[in-house]
Structures are given as structure tokens and as C-alpha cells.
Amino acid sequence: MAFNIIVCAKQVPDTNVIKINPKTGTLIRDGVPSILNNDDANALEQALQIKDKFDDVKVTVITMGPPQANDLLFECIAKGADEGILVSDRAVGGSDTWATSNTLEAAIRRWVKDNGDYNLIFTGRQAIDGDTAQVGPQLAEKLGIPQVSYVEEFEIDEDRKTVTVKRQLEDGYELIEVALPCLLTTIKELNTPRYMTVAGIYGNKEMKTWNAKDIEVDLTKVGLEASPTNVFRSFTPAPKQPGVKIEGDTENAQAKNLLIKLKGKHVI
Amino acid sequence: MAINIIKEKCIGCGLCFKSCPKDAFYFEKYDGNKLGKVAAIGPSCDFCNQCLTSCKFGAIEEKKIEVQADLSEYKHVWVFAEQRHGKMMNVALELIGEGYRLAKEISEDTQVCAVLLGDEADIDPLVDECFAYGAEKVYKIASPVLKNYTTDGYTFALKEAIDQYKPEIVLYGATHIGRDFAPRIAARCNTGLTADCTRLDVRVSSYIEYTSKNTTLDTSTLDPNDPSTGIKQTRPAFGGNLMATIVCPRTRPQMSTVRPGVMQKREPVAGAKGEVVEVKTTVSDKDIHIKIKDIVKSTKVMVSLTDAEIICSGGRGLGDPSGFELIKKFADKVGGVVGSSRAAVDAGWIDHSHQVGQTGTTVKPNIYFACGISGAIQHLAGMQTSECIVAINKDADAPIFEVADYGIVGDLYKVIPEIIAEWDNAEALYDASTK
């Protein structure tokens, strides 16, 4: 039986190039490219490295979004994934992280119906447009499997029953062993994502689109109306506040006062 | 859609189109006005509500959210008092302070409660600290199984307590642990969670006060006398380019993670006391599906400017190339990487690979130390989105001070050695300053 890996990925606007129109205070979206979310690229890379090592691995990428998210599936397959599935339906639009995890759960359960059990699920830690880091753990909860987030190193046993990972902490790491199946959320320290290959770009693409009916999702658990959280207001932030001048009678006092401020702001 | 367009009021002017970041508006034929068309909203709407104040004719209204569940049995504000090996995380104390403020805004008899999870020996000494910083009640969930944080163990134990005591709000620090724990428990409770909040309000009046003072939000559609006390959670999105305020109207508890360092601790009151509730937990080893083999504290080896969490940069203010020896020493001490301004590279003092700026590398570290850098536009373009900028410069009028979070006017050759000398004492200095 194949060793099945599912990678959940998201297409996001490249927030590094987003600008705000200072007059209207709205986002300027023209010319902002859509990209494979950074942490998700590390998730895919880890799956592909397992595929490089063993010859019976199948990597499936699942994404949720509008039809243009097919570009993401194209990219992932051109890098080496075996198939891509887009879950796209107006009914799941406006979903918050809870409703999104319900949608992904339904998609994965549908996938299992067709393909048999999965062994491992990777997601990026967070997406750069929302930065919530919530969907990975929430999906793991819905599927009833263990999770490890902030994975910065990964090792799989030869018998592929357990994995050992380093989970990043602010001041170090935890070394964690977990039995499969489980869900891991990945960060950039984990690996360097590969490029698409020419063969991959021109090769056959196993891509399909599922709607809400295909994944048999409970419509009372997805979309805007079902989401427990809603946007109340949104606005552009005010310009940067003026900084604080660090006072002190001696250089030593200045240094101490600075460190107290930095510690208080949790930047060190 | 989160908004309704009242056709009778719409004159078809299209003013709302400009307010929409997603270009979701289009015109529909309509016979009831002069232009023969009204605005309509299409599927690309992502419910940001930015159009609410754009209509001069009152044709855009907020869709009211219907709440069916009975939420009144949920009371009090809980703070996840995160501790690691018996040491309280600072953010937990900040959240007790913030939780206190929110609780009193809800009502006089609403309490802020700290929830301690862990091994009895680790958490027992922390109870008084919670009270000192403003907690009115402490829930202790003690078990040897909870000695180290595990997603499974903590989620199981806190879910039991939430089911039993029904808090209205639960706050978590947005630490690596909080951001792992909160989504899992929120999903298990089937409630809403908002990540990385930087501002919380319960009263509409305080929300109006905050937004009108600090943001660009038009508050004219908000009613300061609105009696509702649902939490309004404000957070950055789109890489900090946009702020969104999130509500959780239909489910309880309302949950937020909050960034460390943004909320205020209360002045500690030594000897403060409150009620301690010993929560019985049924969590056992069987509930935990991972094995922690080791916990390691480490200082990271930085490889490049773009990945660096701390950057120590030098500029022409160093005076001569040997100044970079001090910068290197500084970077080594703080676990950072050496950067430089173009001026220093052009002067031949350091290799181009260290250059930060428009023609060099764009960086976004947690801390950027600008030492002897005046702050030319081209340099600022490459570093001004750093989380925290510290400028050290002799010239008090240097433009770098305009983007700096913290500025020291002084001789870098005297200031930096002092920072190096005191660096390892930062925590003790901070603790002493808050006592």
C-alpha cells in the first residue's frame, strides 16, 4: 500500500509587495502576484523529500480557494506532487479558520473514501495574508489526530510508523516523537523549497476540482454565516508612532534602560 | 454578504466602488432612480466592511447577525497563565492586567481569573503572583501529566474546566505554545478564536475612543451607547498593511491570542489574595499521543541577513573600518548578524553582502540596531518594517530617529560596550524594574 501524504496549501497575495492607497486607505491589489504561501512551500518540500527517499509515496496537495488557485496546484505538481485537488464553492466563501478546517476535514475524508487512509498531513504554520496559524491545529482536531506545530527539523523512521521532529520554541526547541498518522505544521527553518522542473512543468497534471457537494460537507458548518468569528470593521493602521528617547546619566544607565524596554516589549 | 444594499436609497453613483479592496461592486439595472442602476456586490467580497462608511446616502447597511444560542450562562474572563518549568511567562501577567480591564468594563461583578495548568510543584508557587498582578480567582489544574506542555494534555484538561465553569472570554499569550494550544481548544469547543490581537475592547464606546485616536477608521456608523459587551478583537492582517477587528457573536467562550508586549501589566500588589479553585482533572497519560524526548534551550546560529532575527548595522558614524570590529562583537553577543549602510560599503569598510537598503538587502528582523547610521531614505527602505528599531547616533537630528522605536543619542563607542556588558542581565534588570 502506498504511503500517502496530504499537503494543505494556500494561494496568497504576496504581502511584501502590497501597498496602501494613502488617499482611500484601501489596499492596492493591482499587480500584486498570487503565490504559494511561504510556509506551505516548506510543507510541500518536506513531503517531496520523503517521496525522494521511498518509492511508494504519493503526495496529494489540497487547496481551497477560487478557480485561479489551480495555478498553485500546477506549481506544486511541477515541483513533484502527484496530484492536486481544489476545493472551490461559493458556499465555503467567507469561512473563518474554524469553518475552513471543517471544509478541509470534509475534503480529506472524501479523499480517504477514494484512496484509503493517509499517513501524514503537512500544512504550513501560517499564511502570510492572515498570519493566524490556526487552521493546521484546528484541522488536526477535526480529524482527531495529534499535531506538532512549528516543525523545524524532521526525521522519519525506516518503518514509517513514527516521526521525530524538532518543534521550535522562542528560546530553543522540543524534540518530539509522534506516531503516524499525525499533522505537522512547518516553518521556513525546516528546509529550502525546490524549484519546478521543466519535466514537471510540461508533464501531465493530475488536477481536479471538488465543490461542497463533492466533499459532502455539512453546509451549516462552512461559509460566512456558520463561522463563529466575523469581521466587525477593518481599516489601515495609523502612521508609525514617534519613538522613545532612552535617557540616562551615563552610557551604562542608557544601556540598562534600553534593555529594560526591549525585555518589556518581548523583543529579546 | 456581510452588508445589504438598500436599493431604494442607492442613487447609482458608484462611490462605494472605490472603498472596496476586492473590486466586488458592480451595477445592476434598476428602474427606481435617475441613473437607472444600483450598486450590487459580487462574489469577490471578503466581508471586510470597509464600504460601510463610503455611501453618502445611507444605502449600505451592516447585515445584522442573528444570535440564537443562549450565551448568558457564560461569565468571567479567563487568562491562560502560561508557565514553563515553574516560571510564569510575562505575557500571562500582561493578560491578567488586560483581563482585569475587560472584566470591569463588562460589569462590576465580572472577574478576571487566572488558569494555571501544570505539575503541582511548578504551579503552586505561582498562585500568589497571579493575585499580585490582579487576578481575582485562580483555577489550578494540577497533574503530573501536565508537567510539560502537550497539545493533547492541556486541551483535554482545559476543555473539562471550560465545560464546568463556562467562562465568557479566554485569553492566551500568542507564544509558540499559546498559538498551538488555543486553536486546538477553540476547535474542540466549536467556538471562535482570533489570533495575535493587539487591542481588545468590550464596550463600543471604548472601541470608538481607541479607533478614533489611533486609526483611520470612520466611526460614524458606531453607536457609543450600544450596551453589548461582545469582545472586539483588533489585529494586523496582510503583513501589517491592514487592521481588522473581529467579533465572535454566536458562540462562547470568545477566545483570543494576544501578542506579547502589547498589553499592560497592573502594578503588582504584594500579599493580594483571592479565591483558589482546585480543579479536578481526569487527564491521564493515555490522552497524550506525543512523546517529548528532550527540551533544549539554545542560541541560534544566524546565517544570513534575511533570516536574521537581530541585525547590528554600522554606518559612516563608525568613523573608520575598525568600527566594524565592535559591531561584530556586538552581533556575536546578541546572536545577531552584521549589517551596514551603503555609505560604509562605498567607503570600503565592509563587503557589499552586508549592505541593508534599497540597493542591498531588505530585512525585517525582530530587532535592528542602527549604529552610527544617519538614516538615508535608501537605507530606511530596506529596514523600516523591522519589528523594533534601535538607533544609536551622536546627532540628535539624524533622520534615523524618526523611524526608531528607541533612540539613544550618544557616542556608540561608549554605548555599545555597555549594552554588551549588560546584555545577559536584561531579564534581571527588567524584573527589578517591575518590582
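In this predicted model, the centres of domain 2 and domain 3 of chain B, taken over C-alpha atoms, are separated by 36 Å. Those two domains cover residues 77–286 and 310–430 of chain B, and domain 1 of chain B covers 3–62. Chain A has its own split, into domain 1 (3–226) and domain 2 (238–268). The two chains meet through 77 residues of chain A and 83 residues of chain B. A strand of each chain takes part in antiparallel pairing across that contact: β14(A) with β14(B).

**Confidence**

- The model has an ipTM of 0.89 and a pTM of 0.81.
- The average pLDDT of chain B is 91.
- In chain B, 96% of the residues reach a pLDDT of at least 70.

**Chain A overall**

- Chain A holds seven helices and 15 strands.
- Its C-alpha atoms fit a box of roughly 70 × 45 × 40 Å along the principal axes.
- Of its 268 residues, 52% are buried.
- Among contacts in chain A with a separation of 6 or more, 69% link residues 24 or more positions apart.
- The C-alpha centres of domain 1 and domain 2 of chain A are 40 Å apart.

**The interface between chains A and B**

- Contacts join 77 residues of chain A to 83 residues of chain B.
- On the chain A side, at least two residues each come from α3 (97–115), α4 (135–143), β9 (147–156), β10 (162–169), β11 (172–179), β14 (230–235), β15 (244–245) and α7 (251–264).
- α7(A) gives the largest share of that side, with 12 residues.
- By type, the side of chain A that touches chain B has 32 nonpolar, 26 polar and 19 charged residues.

**Strand β14 of chain B**

- β14(B) spans residues 242–247 and pairs with β14(A) in the antiparallel sense, over five bridges.
- Two of the facing pairs can be named: A:Phe235 has B:Met243 as its bridge partner, and A:Val231 stands opposite B:Ile246.
- β14(B) also pairs with β13(B), residues 232–237, again antiparallel and over five bridges.
- B:Met243 is the bridge partner of B:Pro236 in that pairing, as well as of A:Phe235 from chain A.
- Six of the six residues of β14(B) are buried, so the rest of the structure largely encloses this strand.
- B:Leu242, B:Ala244 and B:Ile246 point one way from the strand, while B:Met243, B:Thr245 and B:Val247 point the other way.
- Residues on both of these faces are buried.

**Strands β11 and β15 of chain B**

- β11(B), residues 193–197, is mostly covered, with five of its five residues buried.
- β11(B) runs parallel to β15(B), residues 254–258, and three bridges join the two.
- Within β15(B), B:Met255 stands opposite B:Leu193.

**Helix α4 of chain B**

- α4(B) runs over residues 151–165, 15 residues in total.
- At 1.5 Å a residue its span should be 21 Å, and the end C-alpha atoms are 21 Å apart, so the two values agree.
- Its buried residues are B:Thr151, B:Gly153, B:Tyr154, B:Thr155, B:Phe156, B:Ala157, B:Leu158, B:Ala161 and B:Ile162.
- Their cover includes elements of both chains: β9 of chain A, and β8 (112–118), β9 (137–142) and α5 (178–189) of chain B.
- Just after the helix, B:Lys166 adopts a positive phi of about 50°.

**B:Ala92 in helix α1 of chain B**

- B:Ala92 belongs to α1(B), which covers residues 90–106.
- Is B:Ala92 buried or exposed? B:Ala92 is buried, because 30 other C-beta atoms lie within 10 Å, where 20 or more suffice.
- Beyond its neighbours within four places in sequence, B:Ala92 contacts B:Val79, B:Ala81, B:Glu82 and B:Gly173.
- B:Ala92 and B:Gln254 are 162 residues apart in sequence, with 17 Å between their C-alpha atoms.

Conventions. Residues numbered from 1 in each chain as written. Chains lettered and ligands numbered in written order. Predicted model: local features only at pLDDT ≥ 70, side-chain atom pairs only at ≥ 80, totals over all residues. Contact = placed C-beta atoms within 7 Å. Helix = DSSP H or I, 4+ residues; strand = E, 2+ residues; numbered from the N terminus. Nonpolar A, V, L, I, M, F, W, Y, C, P; charged D, E, K, R; others polar. Pairing = 2+ DSSP bridges. Buried ≥ 20, exposed ≤ 12 C-beta atoms within 10 Å, placed from the backbone. Domains from an automatic or database assignment. Expected span 1.5 Å × (residues − 1). pLDDT = per-residue confidence, 0-100.
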